[in-house]
2 protein chains.
Amino acid sequence: MTNDDSSGSRYTRHSRDDVVAAALAILDQHGLPDLTMRRLAATLDVQPSALYWHFANKQTLLASVADQIVARARPAGAGSGWADDSGADDAGALSSGWADATRVEADALRDALLAFRDGAEVVSSTLALGLGAGEAMTRLTGAIDGGGFDRRTSEIAAAAVLHFVLGHVSHEQQRLQADSLGVVAAGQSADPSDVATSARGREAFDFGITLLLTGLAELAPARLSESPA
Amino acid sequence: MTNDDSSGSRYTRHSRDDVVAAALAILDQHGLPDLTMRRLAATLDVQPSALYWHFANKQTLLASVADQIVARARPAGAGSGWADDSGADDAGALSSGWADATRVEADALRDALLAFRDGAEVVSSTLALGLGAGEAMTRLTGAIDGGGFDRRTSEIAAAAVLHFVLGHVSHEQQRLQADSLGVVAAGQSADPSDVATSARGREAFDFGITLLLTGLAELAPARLSESPA
DNA sequence: ACCTGAACACCGTTCAAGT
DNA sequence: ACCTGAACACCGTTCAAGT
(Lines give C-alpha, C1' and ligand atoms only; values in the text may rest on other atoms or scores of the structure.)
Protein backbone atom coordinates (compact mmCIF):
# COMPACT_ATOMS: atom_id res chain seq x y z
CA MET A 1 0.00 0.00 0.00
CA THR A 2 2.46 2.59 1.16
CA ASN A 3 5.55 1.39 -0.70
CA ASP A 4 5.91 1.66 -4.44
CA ASP A 5 7.16 -1.90 -4.92
CA SER A 6 10.81 -0.84 -5.24
CA SER A 7 13.35 -3.07 -7.02
CA GLY A 8 13.13 -6.79 -7.52
CA SER A 9 15.81 -8.15 -5.17
CA ARG A 10 14.49 -11.10 -3.21
CA TYR A 11 15.37 -10.27 0.35
CA THR A 12 13.70 -6.89 0.72
CA ARG A 13 15.98 -3.98 1.17
CA HIS A 14 13.98 -1.33 2.92
CA SER A 15 13.06 2.25 2.16
CA ARG A 16 12.54 5.09 4.59
CA ASP A 17 8.80 4.67 4.23
CA ASP A 18 9.01 0.97 5.06
CA VAL A 19 10.72 1.85 8.30
CA VAL A 20 8.10 4.43 9.22
CA ALA A 21 5.28 2.01 8.38
CA ALA A 22 6.82 -0.65 10.59
CA ALA A 23 7.25 1.89 13.38
CA LEU A 24 3.59 2.87 13.12
CA ALA A 25 2.60 -0.78 13.40
CA ILE A 26 4.65 -1.27 16.57
CA LEU A 27 3.31 1.96 18.03
CA ASP A 28 -0.26 0.95 17.39
CA GLN A 29 0.02 -2.60 18.66
CA HIS A 30 2.42 -2.19 21.56
CA GLY A 31 2.68 1.50 22.42
CA LEU A 32 5.48 4.05 22.58
CA PRO A 33 7.58 2.37 25.28
CA ASP A 34 7.92 -0.68 23.04
CA LEU A 35 8.87 1.34 19.99
CA THR A 36 12.61 0.87 20.32
CA MET A 37 15.19 0.99 17.58
CA ARG A 38 16.20 -2.58 18.34
CA ARG A 39 12.68 -3.94 18.23
CA LEU A 40 11.92 -1.98 15.08
CA ALA A 41 15.02 -3.41 13.44
CA ALA A 42 13.99 -6.92 14.47
CA THR A 43 10.57 -6.65 12.82
CA LEU A 44 12.35 -5.54 9.64
CA ASP A 45 14.85 -8.43 9.86
CA VAL A 46 17.69 -6.03 10.01
CA GLN A 47 20.45 -5.01 12.43
CA PRO A 48 19.68 -1.96 14.62
CA SER A 49 22.52 -0.08 13.02
CA ALA A 50 20.82 -0.36 9.63
CA LEU A 51 18.15 2.09 10.77
CA TYR A 52 20.76 4.80 11.01
CA TRP A 53 21.22 4.76 7.29
CA HIS A 54 17.58 5.91 6.97
CA PHE A 55 17.36 8.24 9.97
CA ALA A 56 19.93 10.30 11.80
CA ASN A 57 18.47 9.31 15.17
CA LYS A 58 15.35 8.12 16.92
CA GLN A 59 13.91 11.58 17.34
CA THR A 60 13.93 12.11 13.58
CA LEU A 61 12.22 8.78 13.10
CA LEU A 62 9.53 9.74 15.60
CA ALA A 63 9.01 13.02 13.79
CA SER A 64 8.24 11.09 10.61
CA VAL A 65 5.88 8.85 12.54
CA ALA A 66 4.12 11.93 13.91
CA ASP A 67 3.92 13.23 10.39
CA GLN A 68 2.04 10.15 9.25
CA ILE A 69 -0.37 10.26 12.17
CA VAL A 70 -1.28 13.87 11.53
CA ALA A 71 -1.51 13.30 7.78
CA ARG A 72 -4.35 10.86 8.43
CA ALA A 73 -6.34 13.77 9.90
CA ARG A 74 -7.29 14.92 6.43
CA PRO A 75 -11.09 14.96 6.61
CA ALA A 76 -12.02 12.40 3.97
CA GLY A 77 -12.25 14.71 0.92
CA ALA A 78 -9.49 15.96 -1.39
CA GLY A 79 -6.06 17.23 -0.41
CA SER A 80 -5.90 20.95 -0.87
CA GLY A 81 -9.19 22.50 -1.98
CA TRP A 82 -12.58 22.10 -0.36
CA ALA A 83 -15.68 22.36 -2.49
CA ASP A 84 -17.06 25.89 -2.72
CA ASP A 85 -19.30 27.32 0.01
CA SER A 86 -22.31 25.15 -0.73
CA GLY A 87 -25.51 27.07 -0.05
CA ALA A 88 -27.18 26.56 3.33
CA ASP A 89 -25.46 24.98 6.29
CA ASP A 90 -27.42 23.57 9.21
CA ALA A 91 -26.33 26.06 11.86
CA GLY A 92 -25.01 24.88 15.21
CA ALA A 93 -24.96 26.99 18.37
CA LEU A 94 -21.97 28.81 16.95
CA SER A 95 -22.12 28.59 13.22
CA SER A 96 -19.81 30.96 11.49
CA GLY A 97 -18.19 29.08 8.63
CA TRP A 98 -14.71 29.49 10.06
CA ALA A 99 -15.75 28.16 13.48
CA ASP A 100 -17.33 25.07 11.98
CA ALA A 101 -14.31 24.53 9.77
CA THR A 102 -12.00 24.84 12.76
CA ARG A 103 -14.07 22.38 14.75
CA VAL A 104 -13.93 19.92 11.86
CA GLU A 105 -10.15 20.19 11.81
CA ALA A 106 -9.91 19.78 15.57
CA ASP A 107 -12.17 16.73 15.51
CA ALA A 108 -10.23 15.18 12.66
CA LEU A 109 -7.03 15.77 14.56
CA ARG A 110 -8.42 14.17 17.70
CA ASP A 111 -9.56 11.15 15.72
CA ALA A 112 -6.18 10.82 14.07
CA LEU A 113 -4.37 10.99 17.40
CA LEU A 114 -6.72 8.47 18.98
CA ALA A 115 -6.27 6.12 16.04
CA PHE A 116 -2.75 5.23 17.20
CA ARG A 117 -1.78 4.23 20.68
CA ASP A 118 0.15 7.08 22.35
CA GLY A 119 -0.47 9.14 19.22
CA ALA A 120 -0.84 12.41 21.10
CA GLU A 121 2.39 11.92 23.00
CA VAL A 122 4.32 11.17 19.83
CA VAL A 123 3.01 14.27 18.08
CA SER A 124 3.56 16.43 21.16
CA SER A 125 7.14 15.30 21.45
CA THR A 126 7.89 16.52 17.95
CA LEU A 127 6.05 19.83 18.24
CA ALA A 128 9.16 21.95 18.43
CA LEU A 129 10.72 20.25 15.43
CA GLY A 130 8.13 21.72 13.13
CA LEU A 131 7.14 18.46 11.45
CA GLY A 132 3.99 16.48 12.32
CA ALA A 133 2.37 19.15 14.40
CA GLY A 134 3.47 21.65 11.81
CA GLU A 135 0.88 20.43 9.37
CA ALA A 136 -1.74 20.48 12.11
CA MET A 137 -0.89 24.11 12.84
CA THR A 138 -1.17 24.96 9.15
CA ARG A 139 -4.59 23.37 8.84
CA LEU A 140 -5.98 24.96 11.99
CA THR A 141 -4.55 28.35 11.10
CA GLY A 142 -6.10 28.08 7.65
CA ALA A 143 -9.52 27.27 9.07
CA ILE A 144 -9.45 30.12 11.57
CA ASP A 145 -8.10 32.46 8.93
CA GLY A 146 -11.43 32.06 7.16
CA GLY A 147 -12.81 34.34 9.85
CA GLY A 148 -10.86 37.25 8.49
CA PHE A 149 -8.75 37.77 11.60
CA ASP A 150 -5.31 39.19 11.14
CA ARG A 151 -2.69 36.54 10.52
CA ARG A 152 -1.07 36.77 13.93
CA THR A 153 -4.36 36.34 15.74
CA SER A 154 -5.16 33.29 13.63
CA GLU A 155 -1.79 31.76 14.40
CA ILE A 156 -1.93 32.31 18.14
CA ALA A 157 -5.49 31.02 18.29
CA ALA A 158 -4.55 27.97 16.24
CA ALA A 159 -1.70 27.26 18.64
CA ALA A 160 -4.11 27.50 21.57
CA VAL A 161 -6.45 25.01 19.91
CA LEU A 162 -3.57 22.68 19.08
CA HIS A 163 -2.22 22.79 22.62
CA PHE A 164 -5.63 22.01 24.04
CA VAL A 165 -6.15 19.13 21.61
CA LEU A 166 -2.76 17.59 22.33
CA GLY A 167 -3.16 18.03 26.07
CA HIS A 168 -6.64 16.59 26.13
CA VAL A 169 -6.01 13.56 23.94
CA SER A 170 -2.72 12.88 25.69
CA HIS A 171 -4.65 12.73 28.95
CA GLU A 172 -7.28 10.48 27.41
CA GLN A 173 -4.66 8.06 26.14
CA GLN A 174 -2.80 8.01 29.45
CA ARG A 175 -6.09 7.14 31.10
CA LEU A 176 -6.72 4.33 28.65
CA GLN A 177 -3.47 2.60 29.44
CA ALA A 178 -3.53 3.40 33.16
CA ASP A 179 -6.93 1.76 33.36
CA SER A 180 -5.79 -1.24 31.38
CA LEU A 181 -2.89 -1.62 33.78
CA GLY A 182 -4.96 -0.96 36.89
CA VAL A 183 -2.48 1.70 37.96
CA VAL A 184 -4.14 4.70 39.52
CA ALA A 185 -3.44 6.68 42.66
CA ALA A 186 -5.33 5.67 45.80
CA GLY A 187 -8.64 7.45 46.37
CA GLN A 188 -8.61 8.35 42.73
CA SER A 189 -8.87 5.00 41.05
CA ALA A 190 -11.18 4.73 38.09
CA ASP A 191 -12.46 8.20 38.92
CA PRO A 192 -15.60 8.45 36.78
CA SER A 193 -15.62 12.24 37.04
CA ASP A 194 -12.28 12.40 35.27
CA VAL A 195 -12.73 14.42 32.11
CA ALA A 196 -10.51 11.98 30.25
CA THR A 197 -12.84 9.06 30.80
CA SER A 198 -13.98 7.53 27.54
CA ALA A 199 -17.58 8.48 28.23
CA ARG A 200 -16.90 12.07 29.20
CA GLY A 201 -13.93 12.40 26.87
CA ARG A 202 -15.72 13.49 23.73
CA GLU A 203 -18.00 15.79 25.73
CA ALA A 204 -15.13 17.53 27.50
CA PHE A 205 -13.28 17.84 24.22
CA ASP A 206 -16.22 19.50 22.51
CA PHE A 207 -16.68 21.87 25.41
CA GLY A 208 -13.05 22.94 25.38
CA ILE A 209 -13.15 23.64 21.66
CA THR A 210 -16.37 25.57 22.11
CA LEU A 211 -14.80 27.73 24.81
CA LEU A 212 -11.89 28.62 22.56
CA LEU A 213 -14.01 29.35 19.50
CA THR A 214 -16.58 31.32 21.44
CA GLY A 215 -13.85 33.33 23.06
CA LEU A 216 -12.28 34.02 19.70
CA ALA A 217 -15.59 35.10 18.14
CA GLU A 218 -16.24 37.39 21.08
CA LEU A 219 -12.81 38.92 21.38
CA ALA A 220 -11.92 39.54 17.79
CA PRO A 221 -15.16 40.34 15.98
CA ALA A 222 -13.55 40.87 12.60
CA ARG A 223 -15.72 41.83 9.64
CA LEU A 224 -17.24 38.50 8.80
CA SER A 225 -19.02 38.01 5.52
CA GLU A 226 -21.91 36.31 7.27
CA SER A 227 -24.06 36.83 10.41
CA PRO A 228 -24.80 40.59 10.23
CA ALA A 229 -26.31 40.70 13.75
CA MET B 1 15.65 22.72 54.73
CA THR B 2 13.29 20.02 53.61
CA ASN B 3 14.48 17.21 55.87
CA ASP B 4 13.85 17.25 59.61
CA ASP B 5 17.42 16.34 60.55
CA SER B 6 16.60 12.64 61.14
CA SER B 7 18.86 10.49 63.31
CA GLY B 8 22.48 11.06 64.13
CA SER B 9 24.27 8.37 62.08
CA ARG B 10 27.26 9.83 60.33
CA TYR B 11 26.79 8.68 56.75
CA THR B 12 23.36 10.07 55.93
CA ARG B 13 20.65 7.56 55.42
CA HIS B 14 18.08 9.13 53.18
CA SER B 15 14.37 9.84 53.42
CA ARG B 16 11.81 9.85 50.66
CA ASP B 17 11.93 13.65 50.61
CA ASP B 18 15.70 13.65 50.22
CA VAL B 19 15.34 11.52 47.13
CA VAL B 20 12.70 13.81 45.63
CA ALA B 21 14.81 16.88 46.38
CA ALA B 22 17.81 15.33 44.67
CA ALA B 23 15.66 14.39 41.71
CA LEU B 24 14.41 17.96 41.42
CA ALA B 25 17.99 19.20 41.42
CA ILE B 26 19.00 16.88 38.60
CA LEU B 27 15.88 17.76 36.64
CA ASP B 28 16.55 21.45 36.96
CA GLN B 29 20.24 21.33 36.14
CA HIS B 30 20.35 18.60 33.51
CA GLY B 31 16.81 17.94 32.27
CA LEU B 32 14.49 14.95 32.17
CA PRO B 33 16.64 12.70 29.94
CA ASP B 34 19.41 12.87 32.53
CA LEU B 35 17.11 12.11 35.42
CA THR B 36 17.89 8.40 35.59
CA MET B 37 17.62 6.15 38.60
CA ARG B 38 21.30 5.36 38.36
CA ARG B 39 22.39 8.97 38.20
CA LEU B 40 20.03 9.91 41.00
CA ALA B 41 21.47 7.14 43.13
CA ALA B 42 24.98 8.33 42.39
CA THR B 43 24.29 11.88 43.59
CA LEU B 44 22.94 10.39 46.81
CA ASP B 45 25.99 8.13 47.21
CA VAL B 46 23.84 5.08 47.14
CA GLN B 47 23.31 2.01 44.96
CA PRO B 48 20.49 2.27 42.37
CA SER B 49 18.64 -0.53 44.08
CA ALA B 50 18.40 1.55 47.25
CA LEU B 51 15.92 3.87 45.55
CA TYR B 52 13.44 1.02 45.32
CA TRP B 53 13.09 0.99 49.04
CA HIS B 54 11.65 4.52 48.82
CA PHE B 55 9.67 4.22 45.58
CA ALA B 56 8.02 1.32 43.84
CA ASN B 57 9.31 2.48 40.47
CA LYS B 58 10.48 5.47 38.47
CA GLN B 59 6.98 6.57 37.52
CA THR B 60 6.02 6.92 41.17
CA LEU B 61 9.14 8.94 41.81
CA LEU B 62 8.30 11.23 38.91
CA ALA B 63 4.81 11.69 40.29
CA SER B 64 6.28 12.96 43.54
CA VAL B 65 8.56 15.26 41.60
CA ALA B 66 5.56 16.60 39.70
CA ASP B 67 3.83 17.08 43.01
CA GLN B 68 6.62 19.31 44.26
CA ILE B 69 6.70 21.37 41.08
CA VAL B 70 2.98 22.05 41.21
CA ALA B 71 3.08 22.75 44.94
CA ARG B 72 5.39 25.67 44.20
CA ALA B 73 2.56 27.24 42.20
CA ARG B 74 0.94 28.52 45.38
CA PRO B 75 0.64 32.25 44.70
CA ALA B 76 2.85 33.70 47.44
CA GLY B 77 0.23 34.13 50.19
CA ALA B 78 -1.05 31.58 52.71
CA GLY B 79 -2.01 27.98 52.06
CA SER B 80 -5.74 27.67 52.19
CA GLY B 81 -7.50 30.98 52.71
CA TRP B 82 -7.04 34.14 50.74
CA ALA B 83 -7.50 37.47 52.43
CA ASP B 84 -11.03 38.83 52.09
CA ASP B 85 -12.16 40.58 48.90
CA SER B 86 -10.20 43.76 49.44
CA GLY B 87 -12.17 46.76 48.18
CA ALA B 88 -11.55 47.95 44.64
CA ASP B 89 -9.61 45.97 42.04
CA ASP B 90 -8.19 47.62 38.97
CA ALA B 91 -10.42 45.96 36.38
CA GLY B 92 -8.92 44.25 33.33
CA ALA B 93 -10.73 43.69 30.06
CA LEU B 94 -12.51 40.76 31.65
CA SER B 95 -12.70 41.32 35.36
CA SER B 96 -15.14 39.07 37.07
CA GLY B 97 -13.57 37.90 40.31
CA TRP B 98 -13.57 34.28 39.27
CA ALA B 99 -11.92 35.03 35.94
CA ASP B 100 -9.14 37.02 37.57
CA ALA B 101 -8.66 34.32 40.15
CA THR B 102 -8.46 31.67 37.47
CA ARG B 103 -5.93 33.68 35.53
CA VAL B 104 -3.84 34.09 38.67
CA GLU B 105 -3.84 30.31 39.14
CA ALA B 106 -2.98 29.67 35.51
CA ASP B 107 -0.12 32.18 35.65
CA ALA B 108 1.21 30.70 38.87
CA LEU B 109 1.07 27.26 37.32
CA ARG B 110 2.93 28.41 34.23
CA ASP B 111 5.61 30.01 36.38
CA ALA B 112 5.97 26.87 38.46
CA LEU B 113 6.33 24.69 35.36
CA LEU B 114 8.85 27.05 33.79
CA ALA B 115 10.85 27.12 37.02
CA PHE B 116 12.13 23.59 36.38
CA ARG B 117 13.58 22.33 33.18
CA ASP B 118 11.10 20.00 31.44
CA GLY B 119 8.64 20.79 34.23
CA ALA B 120 5.59 20.67 31.98
CA GLU B 121 6.53 17.30 30.55
CA VAL B 122 7.02 15.81 33.98
CA VAL B 123 3.66 17.04 35.21
CA SER B 124 1.92 15.98 32.00
CA SER B 125 3.31 12.49 32.27
CA THR B 126 1.75 12.04 35.68
CA LEU B 127 -1.62 13.57 34.79
CA ALA B 128 -3.49 10.29 34.76
CA LEU B 129 -2.04 9.22 38.08
CA GLY B 130 -3.95 11.92 39.87
CA LEU B 131 -1.01 13.37 41.77
CA GLY B 132 0.86 16.54 40.77
CA ALA B 133 -1.66 17.71 38.23
CA GLY B 134 -4.39 16.71 40.64
CA GLU B 135 -3.64 19.64 42.86
CA ALA B 136 -3.53 21.92 39.84
CA MET B 137 -6.99 20.71 38.84
CA THR B 138 -8.29 21.35 42.35
CA ARG B 139 -6.99 24.88 42.39
CA LEU B 140 -8.27 25.77 38.94
CA THR B 141 -11.64 24.21 39.61
CA GLY B 142 -11.89 26.14 42.86
CA ALA B 143 -11.15 29.43 41.14
CA ILE B 144 -13.66 28.86 38.36
CA ASP B 145 -16.21 27.64 40.86
CA GLY B 146 -16.25 31.15 42.26
CA GLY B 147 -18.29 32.06 39.18
CA GLY B 148 -21.21 30.02 40.42
CA PHE B 149 -21.20 27.54 37.56
CA ASP B 150 -22.45 24.08 38.27
CA ARG B 151 -19.72 21.78 39.49
CA ARG B 152 -19.42 19.76 36.31
CA THR B 153 -18.99 22.84 34.17
CA SER B 154 -16.27 24.11 36.49
CA GLU B 155 -14.45 20.81 36.32
CA ILE B 156 -14.55 20.48 32.56
CA ALA B 157 -13.50 24.09 32.12
CA ALA B 158 -10.64 23.63 34.60
CA ALA B 159 -9.46 20.60 32.64
CA ALA B 160 -9.51 22.63 29.44
CA VAL B 161 -7.41 25.35 31.08
CA LEU B 162 -5.01 22.76 32.49
CA HIS B 163 -4.60 21.03 29.15
CA PHE B 164 -3.88 24.31 27.44
CA VAL B 165 -1.36 25.33 30.09
CA LEU B 166 0.49 22.02 29.96
CA GLY B 167 0.47 21.95 26.17
CA HIS B 168 1.66 25.51 25.86
CA VAL B 169 4.45 25.37 28.44
CA SER B 170 5.56 21.99 27.17
CA HIS B 171 5.97 23.54 23.74
CA GLU B 172 7.83 26.50 25.19
CA GLN B 173 10.26 24.24 27.03
CA GLN B 174 10.84 22.05 24.00
CA ARG B 175 11.67 25.19 22.07
CA LEU B 176 14.11 26.31 24.73
CA GLN B 177 16.14 23.15 24.53
CA ALA B 178 15.80 22.72 20.76
CA ASP B 179 17.22 26.20 20.34
CA SER B 180 20.02 25.54 22.78
CA LEU B 181 20.91 22.44 20.78
CA GLY B 182 20.50 24.08 17.42
CA VAL B 183 18.17 21.29 16.37
CA VAL B 184 15.25 22.50 14.28
CA ALA B 185 13.76 21.30 11.05
CA ALA B 186 15.05 22.87 7.86
CA GLY B 187 13.17 25.96 6.68
CA GLN B 188 11.79 26.28 10.15
CA SER B 189 14.88 27.01 12.19
CA ALA B 190 14.58 29.65 14.86
CA ASP B 191 11.16 30.52 13.47
CA PRO B 192 10.45 33.85 15.17
CA SER B 193 6.73 33.53 14.47
CA ASP B 194 6.56 30.40 16.63
CA VAL B 195 4.13 31.04 19.46
CA ALA B 196 6.46 29.24 21.84
CA THR B 197 9.28 31.72 21.36
CA SER B 198 10.33 33.35 24.60
CA ALA B 199 9.25 36.75 23.35
CA ARG B 200 5.85 35.69 22.10
CA GLY B 201 5.42 32.99 24.71
CA ARG B 202 3.85 35.01 27.47
CA GLU B 203 1.66 36.87 24.98
CA ALA B 204 0.34 33.69 23.36
CA PHE B 205 -0.25 32.19 26.78
CA ASP B 206 -2.29 35.16 27.94
CA PHE B 207 -4.30 35.11 24.76
CA GLY B 208 -5.13 31.43 25.10
CA ILE B 209 -6.28 31.90 28.68
CA THR B 210 -8.36 34.88 27.63
CA LEU B 211 -10.06 32.85 24.91
CA LEU B 212 -11.02 30.15 27.40
CA LEU B 213 -12.25 32.53 30.09
CA THR B 214 -14.14 34.72 27.64
CA GLY B 215 -15.76 31.67 26.15
CA LEU B 216 -16.76 30.45 29.56
CA ALA B 217 -18.22 33.78 30.58
CA GLU B 218 -20.17 33.94 27.34
CA LEU B 219 -21.44 30.38 27.30
CA ALA B 220 -22.45 29.89 30.88
CA PRO B 221 -23.58 33.25 32.17
CA ALA B 222 -24.41 32.04 35.65
CA ARG B 223 -25.86 34.46 38.19
CA LEU B 224 -22.75 36.27 39.29
CA SER B 225 -22.73 38.32 42.44
CA GLU B 226 -20.93 41.15 40.64
CA SER B 227 -21.15 42.97 37.28
CA PRO B 228 -24.91 43.56 36.94
CA ALA B 229 -24.70 44.59 33.26
C1' DA C 1 22.22 2.30 -1.87
C1' DC C 2 21.63 -0.42 1.98
C1' DC C 3 23.25 -3.48 5.40
C1' DT C 4 26.40 -6.43 8.94
C1' DG C 5 29.28 -7.08 13.13
C1' DA C 6 31.07 -5.61 16.95
C1' DA C 7 31.56 -2.57 20.24
C1' DC C 8 30.63 1.56 23.77
C1' DA C 9 28.31 3.49 27.30
C1' DC C 10 24.46 3.23 29.19
C1' DC C 11 19.26 1.90 31.10
C1' DG C 12 15.14 0.15 34.95
C1' DT C 13 14.25 -3.44 38.06
C1' DT C 14 14.63 -7.61 41.21
C1' DC C 15 16.20 -9.97 45.09
C1' DA C 16 18.86 -12.18 48.52
C1' DA C 17 21.55 -10.53 52.02
C1' DG C 18 23.56 -7.30 55.26
C1' DT C 19 23.31 -3.73 59.52
C1' DA D 1 14.54 1.17 58.49
C1' DC D 2 17.63 1.59 54.91
C1' DC D 3 21.15 -0.13 52.03
C1' DT D 4 24.73 -3.39 49.25
C1' DG D 5 26.07 -6.65 45.54
C1' DA D 6 25.18 -8.97 41.83
C1' DA D 7 22.60 -10.07 38.30
C1' DC D 8 18.86 -9.89 34.26
C1' DA D 9 17.20 -8.13 30.27
C1' DC D 10 17.44 -4.50 27.98
C1' DC D 11 18.60 0.55 25.64
C1' DG D 12 20.54 4.35 21.53
C1' DT D 13 24.39 5.19 18.74
C1' DT D 14 28.94 4.80 16.14
C1' DC D 15 31.83 3.02 12.76
C1' DA D 16 34.60 0.18 9.92
C1' DA D 17 33.55 -3.00 6.63
C1' DG D 18 30.88 -5.62 3.30
C1' DT D 19 27.80 -6.09 -1.30
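**Exercise 1. Classify the residues of the surface near DNA strand D, and find which come nearest.**

Solution. Step 1: the residues of the surface near DNA strand D divide into five nonpolar, seven polar and four charged. Here Ala, Val, Leu, Ile, Met, Phe, Trp, Tyr, Cys and Pro count as nonpolar, Asp, Glu, Lys and Arg as charged, and the others, Gly among them, as polar. A residue is near a strand if one of its heavy atoms lies within 4 Å of it.

The structure is a predicted model, in which local features need pLDDT of at least 70, side-chain atom pairs count only at pLDDT 80 or more, and totals for chains, interfaces and linings use all residues. Residues are numbered from 1 along each chain as its sequence is written, chains are lettered from A and ligands numbered from 1 in the order in which they are written, and side-chain values use heavy atoms, with hydrogens and water left out.

Step 2: of the 16 residues around DNA strand D, A:Arg38, B:His14, B:Gln47, B:Ser49 and B:Trp53 come nearest.

Step 3: helix H2 (37–43) of chain A and helix H3 (51–54) of chain B each supply at least two residues of this surface. Helices are DSSP runs (H or I, at least four residues), numbered from the N terminus.

**Exercise 2. Find which parts of DNA strand D lie at A:Arg38, B:Ser49 and A:Thr36.**

Solution. Step 1: a polar side-chain atom of A:Arg38 lies 2.6 Å from a base nitrogen of the strand. Step 2: for B:Ser49, a side-chain N or O atom is 2.7 Å from a base oxygen. Step 3: for A:Thr36, a side-chain N or O atom is 3.2 Å from a phosphate oxygen. Step 4: of the atoms of DNA strand D within 4 Å of the protein, 52% belong to sugar or phosphate and the rest to bases.

**Exercise 3. Describe the surroundings of DNA strand C.**

Solution. Step 1: among the 16 residues around this strand, A:His14, A:Gln47, A:Ser49, B:Arg38 and B:Tyr52 come nearest. Step 2: B:Arg38 has a polar side-chain atom 2.6 Å from a base nitrogen of DNA strand C. Step 3: two residues of chain A are placed at phosphate oxygens of DNA strand C: A:Gln47 with a backbone N or O atom at 2.6 Å, and A:His54 with a polar side-chain atom at 2.8 Å.

**Exercise 4. Work out how chain B meets chain A.**

Solution. Step 1: the contact (heavy atoms within 4.5 Å) takes 41 residues from chain B and 41 residues from chain A. Step 2: the two chains bury about 3500 Å² between them, 70% of it on carbon and sulfur atoms. Buried area is the accessible area (1.4 Å probe) that two parts lose on being put together, summed over both. Step 3: B:Ala128, B:His163 and B:Leu211 supply 18% of the area that chain B buries against chain A, more than any other three residues.

Step 4: there are two salt bridges between the chains. A salt bridge is a side-chain nitrogen of Lys or Arg within 4 Å of a carboxyl oxygen of Asp or Glu. B:Arg152 forms a salt bridge with A:Glu203, with the closest N and O atoms 2.8 Å apart.

Step 5: helix H6 (119–125), helix H8 (151–181) and helix H9 (198–219) of chain B each give two or more residues to the side that touches chain A. H8(B) gives the most, with 15 residues.

Note on methods: A polar contact is a pair of N or O atoms within 3.5 Å; within protein, one must be able to donate a hydrogen and the other to accept it, and residues adjacent in sequence count only if both atoms are side-chain atoms.
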